[in-house]
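User: Hi! Could you walk me through this one with me?

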Amino acid sequence: MPAEIIDVHSRSNAGFLISDIHSQILTGLSQPPGHREIPTVLLYDERGLRLYDDITTEVPEYYLFGAEEEILKNNADDIVQTIHRGSVSSDEVIVELGAGALRKTSHILLSLSRLVRDVDPSGPITYYALDLEQRELERTLGDISSSDVGKELVGKVNTKGMWGTYNDGLKFIENGGLFTQRVTEGLTSIKHHQFAAADSPPTSPISSDSSISGASLIYDSDCSSLPSTPEGTKSPLHIMFLGSSLGNFSRDGAASFLRSLPLRGGSGDTLLIGLDHDNDKELIEEAYNDSRGYTKRFIFNGLKATGRALGDENLFDESKWEYVNWYNVAERCHEAFFKSKCVQTIYEPGSQKEIKFSKDELMKIEESLKFSETDAFTMFTKANLRPVQRWMNKKSQYSLWLLERPPFLFPLLSPPSTDGKQLVGKLSNTPFGVPSREEWQNLWTSWDFITKQMIPPSMLFQKPIDLRHICLFYLGHIPTFLDINLSKLLQEQNTEPGAFKYIFERGIDPNVDDPSQCHSHSEVPFNDEDWPSLTSIFEFQERVRARLMKLYDTIETGKVTLTRKVGRVLFMTLEHEAMHAETLLYMLLQRAGSGTIPPPGFTTPHWTSLAVAWNDNPKSSSITVTLGPATVTLGHDDDEANDERSKDVESHEFGWDNEHPKRQIQVEEFRIEWRPVTNGEFYRYYMESGKQVALPASWVIGQDGMKVRTLYGPVPMDVAQNWPVIAPYDSLSTYATVKGGYEGGANVGFRNWHPVPATTGGEQCGGKGSNGGVWEWTSTVFDKVEEFEPSKLYPGYSMDFFDGKHHVVLGGSYATIPRISERRSFRNWYQRNYPYTWAGARIVYDIPK
């Protein structure tokens, strides 16, 4: 039986295919000498696809295909289980972009069939292969149907085709075509995206086993413009984009394309994507230019296809061209070119326009980006995507990433402006300046997510930890703190009900050893029924937020002048709310699994699979690194006393009172461990020492052994053994003493809702990496420094805690917003025996002189 293939091409009203490949070619050839190019999509005709198939089977130097196939062979069941979280819906759809020969895909299809058989045998799910060539789709789908794999799929996984470009297929999905099965209706009425010629071509089989459309998408930065499947469509959508095909976009184009994918936020929709690593130059160049000429034959077929598209298959004389390639290490990009062997002229068949080439002139046919850790995470964040899990081949050359569009995501910090002008949509030209409206909206989204979706009504009047107020207090404290400071700034009355300021103005941080000892704070109701209602608190919150947005309106219209004092109030209140979000979460952690609702819309981690990957992570190249002697700069200059007279607002970086002033200290030579103390290391010490230190509050003893708390509920120690341990300073100090030392980017901004193993100390990037997503204790007692002046706006912020009991912590946790975690002058602090803060430690060793 022939494979069912849907024609999803965009067509004119007269029914003709809409294609701009002819104009793309002429645009590329019309560029100045040295900048000419032809679209990579031309490599993908029917013959080209088969030539690429030869590369994947006959060229061992081409490691990308084998690395990805190794990952799929070894992990397909884990991948499918993680995507589906143990359940499957018979109406769900899997779409593969640029499916190619389906050899690697067969591993996923078999795993899907096993999942359907074991979990939900009621009906098959549907897999669609999207590709450019109809006959190749017919052949590959027919081959798999008649194979042993096809027999296993019967009644479990239906395999079908989609004939068209990426853009055609994605527009078809966005308009509900896959779910309504209106295959021939409404194609001409589909909304068209803007195409960027600079970002075509998208991909090349020499960097993937996939075919692809000839244009990429441009989207603005407004999250509301993200495409989605039609309202009311509940069927899960899973997209696969294998072969590192994304590498043929520009970096900005790649992020824009991923952002355009019709994945619904918090819905369970996923993207499985393959990315090649920034491997050694020699390895990459050999992969794209094998000694037996397979790649060369494939590339030269593109030259013939270019002529055919212009009307003359023999337009380019192949004897006058050669294939050259190289890898640009700095840009992490492989580039492939035709090189003219002589002076020559070609004539465009339609217009007879002459195009001259000089000897040795290059004409680009393909580029393939490679991705470092930073490249990948930066791109995902720009695309509003969150990594769920990652699988690598044994040689760590290549990764498969499973991504989702989360309910919210903090964007990357904008780099400082180089021309002194304000950043787009912002009131400052620095990421640490006056917060923008967007920053407030992002923060409010996360705050509302935590307070409205993770705290059940039964917990509102409970104290998950005794050293803090009930949960309800923090819901009222945040808008009250903001309102009090706005009223002082604007010399206006407090927002009603004004009595909230007496209940919610300030929280508590009592002495751990004697909780009766505490700084000044608000007096709160004793009985549950005496607290304001939840409804009244939320209504108050909305009025205060509207008041803040009105202030931004008056600043933008010039009615209110943006002074440094105004900017400081905005900075202070925003970061105050962000810090309290983290406080509330470490409270909720203590009830995770027995009250706290796990973060909805974020895929529940597949702990067993993750544990295997974490255990296989590369170890640090050495246990410690030697640093110093050096002069180190701490803090930054931000004297609040200058707020009234300074006119510099746009370029000013704000900080809390304890960050001022900038100062330098001399540090002698010392050794420090690359990575924080892990749960596994501390657990062994805890057991072998006869439990001489307190059980960390981040652990819990279960019926089947020690577990580590997460917001999804406790997980076995074996799963979390490589995470940094979260424990008080006193316990970690005792551990460090036993080891002969003392305590010393990133998993922040809700990239995960739990720590992960540290990656510092690796062989690349000079050992730089993430510490796993926890603050780090220091042996520095939190105290005033020379020239310290308490804040006039918030006098007790630091002063109340200069008591010798608090120690400085640095960095940030997985719930710390980027503007705090990336401001190197920021200092946080906790009591040295406070058990709940999300802080770990690295061990530091003195070097005898």
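User: How much space lies in the second largest cavity?
Analyst: About 110 Å³. A cavity here is a set of points on a 1 Å grid over the protein atoms alone where a 1.4 Å probe fits but cannot get out, and the volume is the space filled by probe spheres set on the points, joined across faces, edges and corners.

User: Which residues are closest to its centre?
Analyst: Leu 49, Tyr 52, Asp 53, Gly 100 and Ala 101, out of 14 that line the second largest cavity; lining residues have an atom within 4 Å of a point. Helix α2 (46-58) gives the most, with five residues. Helices are DSSP runs of H or I with at least four residues, strands are runs of E with at least two, and both are numbered from the N terminus.

User: What is that lining like by class?
Analyst: Five nonpolar, two polar and seven charged residues. Ala, Val, Leu, Ile, Met, Phe, Trp, Tyr, Cys and Pro count as nonpolar, Asp, Glu, Lys and Arg as charged, and the others, Gly among them, as polar.

User: And what is the volume of the largest cavity?
Analyst: About 580 Å³. Its lining has 29 residues, with Arg 468, His 580, Thr 583, Phe 801 and Trp 829 nearest the centre. Helix α17 (564-589) supplies the largest share of that lining, seven residues. By class, the lining of the largest cavity has 14 nonpolar, 11 polar and four charged residues.

User: Switching topic: what is the strand order in the open sheet?
Analyst: The order is β2-β14-β11-β10, with mixed pairing; two strands pair if DSSP finds at least two bridges between them. β2 (36-37) and β10 (321-328) each have a single partner strand, so one side of each has no neighbour in the sheet.

User: Which helix packs on the sheet?
Analyst: Helix α11 (residues 294-310), which touches β10, β11 and β14; contact means heavy atoms within 4.5 Å. Its direction makes about 115 degrees with that of β10, using lines fitted to C-alpha atoms (for helices over the stretch in contact) and angles from 0 to 180 degrees between N-to-C directions.

User: How do β11 and β14 run?
Analyst: Antiparallel, joined by seven bridges. Phe 338 stands opposite Met 363 in β14.

User: What should I know about the model itself?
Analyst: It is predicted: local features need pLDDT of at least 70, side-chain atom pairs count only at 80 or more, and totals for chains, interfaces and linings use all residues. Residues are numbered from 1 along each chain as its sequence is written, and side-chain values use heavy atoms, leaving out hydrogens and water.

User: Where does pLDDT stay under 50?
Analyst: Over residues 181-233; pLDDT is the predictor's confidence in each residue, from 0 to 100. Where pLDDT is low, the predicted coordinates should not be read in detail. The chain mean is 88.

Note on methods: 1 Å grid on protein atoms, 1.4 Å probe; cavity = no way out; pocket = protein on both sides within 12 Å on 5 of 7 lines; lining within 4 Å.
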